[in-house]
Amino acid sequence: MPVINVEELTDLDKAKMEVTQLKLEVKLERAKVSTCCEEISEYIQGGAEEDPLVKGIPEEKNPFKEKGGCVIC
């Protein structure tokens, strides 16, 4: 997809691009926020047991643990 410099377009071209984008957006299926929130919550809770950000990483498997301490004398 070529890069379009919007500043070089005429007002008519900009309006055509906007209409094209709006036609695409009007075809999108919409869902209620309450329904989406429930689905997202269920998805997150379903994978929480395997998620290292929620559960944590065991020290023996943590590749980022400090190998040794820094001593300043």
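**A short tour of a three-helix chain**

Val71 is exposed, with 68% of relative accessible area. That is over the 50% cut-off, which is why Val71 earns the word "exposed". Hello everyone, and let's start our tour from there. Please keep in mind that this is a predicted model.

Where along the chain is Val71? It sits in the segment after α3. Now look for Gly46, which is 25 residues away from Val71 along the chain. The C-alpha atoms of these two residues are 43 Å apart.

Let's step back to the overall layout. The chain has three helices and zero strands, and following the sequence you read α-α-α. With a radius of gyration of 25 Å, the chain is well over the 11 Å that the globule rule gives for 73 residues, so it is more spread out than a compact globule. If you turn the model in your viewer, the C-alpha trace spans about 70 × 40 × 20 Å along its principal axes.

How much of the chain is buried? Buried residues account for 1% of the 73. The chain exposes about 7700 Å², and 59% of that area is supplied by carbon and sulfur atoms.

Next, helix α2, which covers residues 33-46. Its 14 residues should span 20 Å at 1.5 Å a residue, and the end C-alpha atoms are indeed 20 Å apart, so the two values agree. Of those 14 residues, zero are buried, so α2 lies largely in the open.

Now to the other end of the sequence. Which residues make the nonpolar surface patch here? They are Ile4, Val6 and Met17, and the patch comes to about 260 Å². Val6 belongs to the segment before α1. Val6 has 44% relative accessibility, so it counts as partly exposed; the range for that label runs from 20% to 50%.

Finally, a word on confidence. The chain has a mean pLDDT of 87, with 96% of its residues at 70 or more. Helix α1, residues 11-26, has the highest confidence, at a mean of 95, while helix α3, residues 52-55, has the lowest, at 83. Where pLDDT is low, predicted coordinates should not be read in detail. Thanks for listening!

How values were computed
Residues are numbered from 1 along each chain as its sequence is written. This is a predicted model: local features need pLDDT of at least 70, side-chain atom pairs count only at pLDDT 80 or more; totals for chains, interfaces and linings use all residues. Side-chain values use heavy atoms; hydrogens and water are left out. pLDDT is the predictor's confidence in each residue, from 0 to 100. Helices (H or I, at least four residues) and strands (E, at least two) are DSSP runs, numbered from the N terminus. Patches are made of residues with over 30% relative accessible area and no salt bridge: like charges are joined within 9 Å, nonpolar side chains (Val, Leu, Ile, Met, Phe, Trp, Tyr) within 5 Å. Accessible areas come from the Shrake-Rupley method with a 1.4 Å probe; for residues, only the protein chains shown count as cover. A salt bridge is a side-chain nitrogen of Lys or Arg within 4 Å of a carboxyl oxygen of Asp or Glu. Buried means under 20% relative accessible area, exposed over 50%, partly exposed in between (1.4 Å probe, protein chains only). The radius of gyration is taken over C-alpha atoms; the globule rule is 2.2 Å times the number of residues to the power 0.38. The expected span of a helix is 1.5 Å times one less than its number of residues.
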